[in-house]
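Student: Could you show me how to read a structure like this one? I would like to go feature by feature.

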Amino acid sequence: MSFILFPIIFLGLIIIITGLFTVKQQSAAIIERFGKFQSIRQSGLQLKIPLVDRVSGRLSLKIQQLDVIIETKTLDDVFVRLKVSVQYKVIKEKVYDAFYKLDYPHEQITSYVFDVVRAEVPKMKLDDVFVKKDDIALAVKAELNDAMLDYGFDIIKTLVTDIDPDPQVKAAMNRINAADREKTAAQYEGDAQRILIVEKAKAEAESKRLQGQGIADQRREIARGLEESVEVLNRVGINSQEASALIVVTQHYDTLQSLGEETNSNLILLPNAPQAGSNMLNDMVASFTASNQIGEMMKENKKKKED
């Protein structure tokens, strides 16, 4: 009797075990009975009739991502490759539609992405494609939502994650950008040089003005000193001509003294004999006297002509 009961118990355990199955979290299992849809089972331990029911398929309820690469042409005849990332998930209440209405949802989504992108990008220039990539993504999302909602798929978000023009076009864009930056840099350098030139000219003008003012002040003080020296000499009985000559001779000897203090000077003043001082003084007095006489004669002749 035990030999007959044991196989029956063993067979019953096998049937029970084959009737039990588990469904993972965030997923759903489709049960069919003799090839016909029976039910949808959610996560956890589930029971089916052995040899009658079977798990026909499983669907993930997590958010999934599909990357689609499209090559198309812009309005200014530039070929560009775009990478569009579509984030989607199966609607929990529409697992039946997602499983039975579409065999290959990835291909269906890819077809819609191609259709929308190749309708939108040819309306834009290449620069606008970079600027308005969010508009392209929104257009793809709107089209996919309308189309895929009936199949049990919810489009969470679409992103244009990469825009890759032809390599020659990228090189040309880089050259244009580099040339524009070099132009801007040259303008800044030119402005800086112009400012330096203007400020340098202003500084030189101010320096010359101050230098001229200093020379004028120096000459004014020299003239004042000479005037005072002549007045002092006049008080001791030396006339103006002799005083002027004496001052010149004194300056001559002062010059000789300053030159003597320089060790590496090669300047020689001529005449430079010991008697040169007295001769110079006599010559200057005679010259001043003669020039005064000539001046007086010219004044008398002019007065006679006027009379």
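Tutor: Let us go through a helix, some strands and some salt bridges in turn. This is a predicted model, in which local features need pLDDT of at least 70 and side-chain atom pairs count only at pLDDT 80 or more, while totals for chains, interfaces and linings use all residues. Residues are numbered from 1 along each chain as its sequence is written, and side-chain values use heavy atoms, with hydrogens and water left out.

Student: Where do the buried residues of α5 sit around the axis?

Tutor: Some terms come before the case. Helices (H or I, at least four residues) and strands (E, at least two) are DSSP runs, numbered from the N terminus. Buried means under 20% relative accessible area, exposed over 50%, and partly exposed in between (1.4 Å probe, protein chains only). In α5, the buried residues are Ile136, Ala137, Val140, Leu144, Asn145, Ala147 and Met148. They cover an arc of only 165 degrees around the axis, so they are on the same side of α5; the arc is that of the directions from the helix axis to the C-beta atoms. The face turned away from that buried side carries the exposed Leu138 and Asp146.

Student: What do the buried residues of α5 pack against?

Tutor: Contact means heavy atoms within 4.5 Å. The buried residues of α5 pack against β7 (79-90), α3 (105-120), α4 (126-131) and β8 (153-165).

Student: In which sense do β7 and β8 pair?

Tutor: Two strands pair if DSSP finds at least two bridges between them. β7 and β8 pair in the antiparallel sense over eleven bridges, with Val84 opposite Val160 in β8. Strand β6 (residues 64-73) also pairs with β7 in the antiparallel sense, over ten bridges. The hairpin of β6 and β7 has five residues between the strands, and Asp77 there takes a positive phi near 60 degrees.

Student: How many salt bridges does the structure hold?

Tutor: A salt bridge is a side-chain nitrogen of Lys or Arg within 4 Å of a carboxyl oxygen of Asp or Glu. The structure holds six. One of them joins Lys73 and Asp77 (3.6 Å, N to O). Asp77 is exposed, with a relative accessible area of 56%, and Lys73 counts as partly exposed at 35% relative accessibility. Another links Arg54 with Glu32, the closest N and O atoms being 3.3 Å apart. Arg54 lies in strand β5 (residues 53-60) and Glu32 in strand β2 (residues 27-33), so this pair ties together parts that are 22 residues apart in sequence.
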